[in-house]
Amino acid sequence: WIGSERDSEWRDNSRVLVYDEYEGEYQDSIQELEHIKTHKESRDVYSRDRQKAVMRLELANYQCENDCRRDLFVSRSTQKPYLEAHHLIPMAVQSGTKVQLDTINNIFCLCPHCHREIHYGEAESVRRTIDNLVDARSEVLSILNNKIDDIYSCYAVEDIN
């Protein structure tokens, strides 16, 4: 089985592992100041503490933490620049670690463009974004063995030689 798919096919299929279909509800709850809804399905879904995300937005001074220079629009519900909270180490890997992933240090504020880029961009741009975020807050590495390659693998953008 290993090696049965071309590298590009394997990477595309691996992205499914970190896709979180409830991400939209989480982002909406931050903007609308509601509680997060949790769902129980055939797989584990880990709830997130919206207060941690709101605190991170405040700590980031409502600026994209990817050193993004894009103009942000103002959210009609919060009257603040619209940003999205992103768990650098995805909540989808929570079952594989004993360390809590829904923490202030693992949450980053990203503009919508940067948030989509880290999930759907080409490998080089995703690695560059991860590098920027880790450079800004290196303590996030301590969550997963202090290796940036472990974070790259969460996004299927690690170098495979």
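A residue counts as buried when its relative accessible area is under 20%. Keep that cut-off in mind for the close-ups below, which come from a predicted model.

**View 1. Arg127 and Glu124 meet in a salt bridge within helix H5.** At 15% relative accessibility, Arg127 falls under the 20% cut-off, so it counts as buried. Its partner Glu124 is partly exposed, at 47%. The N to O distance between the two side chains is 3.0 Å. Because they sit three residues apart in H5, about one helical turn separates them.

**View 2. Helix H5 packs its buried residues against three other elements, E2, H4 and H6.** H5 covers residues 123-136, which makes 14 residues. From first C-alpha to last it reaches 20 Å, close to the 20 Å expected. Its buried residues are Ser125, Val126, Arg127, Thr129, Ile130, Leu133 and Val134. The helices they pack against are H4 (112-120) and H6 (148-154).

**View 3. Arg137 has a salt bridge with Glu65 and also lies over the face of Phe108.** The closest N and O atoms of Arg137 and Glu65 are just 2.5 Å apart. Arg137 belongs to the loop between H5 and H6, and Glu65 to the loop between helix H3 (50-59) and E1, so this pair ties together parts that are 72 residues apart in sequence. Both partners are buried: Arg137 has 6% relative accessibility, and Glu65 has 18%. As for Phe108, Arg137 is 3.8 Å from its ring centre.

**View 4. Arg116 and Glu84 form another of the three salt bridges found in the whole structure.** Here the closest N and O atoms are 2.9 Å apart. The pair links distant parts of the chain, with Arg116 in helix H4 and Glu84 in strand E1, 32 residues apart. Glu84 is buried at 4% relative accessibility, while Arg116 is partly exposed at 42%.

**View 5. Phe73 and Tyr82 make up the one aromatic pair.** Their ring centres are 5.0 Å apart and their planes meet at 10 degrees, so the pair is stacked. Tyr82 is buried, at 14%, but Phe73 is partly exposed, at 48%. For another ring, look at Tyr62: the charged end of Lys80 sits over it, 5.4 Å from the centre.

**View 6. Thr97 sits in the loop between strands E1 and E2.** The strands on either side span residues 84-87 and 107-110. Thr97 is buried, with a relative accessible area of 18%. A polar atom of its side chain lies 3.2 Å from the backbone nitrogen of Val99.

Note on methods: Residues are numbered from 1 along each chain as its sequence is written. This is a predicted model: local features need pLDDT of at least 70, side-chain atom pairs count only at pLDDT 80 or more; totals for chains, interfaces and linings use all residues. Side-chain values use heavy atoms; hydrogens and water are left out. Helices (H or I, at least four residues) and strands (E, at least two) are DSSP runs, numbered from the N terminus. Buried means under 20% relative accessible area, exposed over 50%, partly exposed in between (1.4 Å probe, protein chains only). A polar contact is a pair of N or O atoms within 3.5 Å; within protein, one must be able to donate a hydrogen and the other to accept it, and residues adjacent in sequence count only if both atoms are side-chain atoms. Rings of Phe, Tyr and Trp (its six-membered ring) pair if their centres lie within 6.5 Å; planes under 30 degrees apart count as stacked, over 60 as edge-to-face and the rest as tilted. A charge sits over a ring if NZ of Lys or CZ of Arg is within 6 Å of the ring centre and within 35 degrees of the ring normal. The expected span of a helix is 1.5 Å times one less than its number of residues. Contact means heavy atoms within 4.5 Å. A salt bridge is a side-chain nitrogen of Lys or Arg within 4 Å of a carboxyl oxygen of Asp or Glu.
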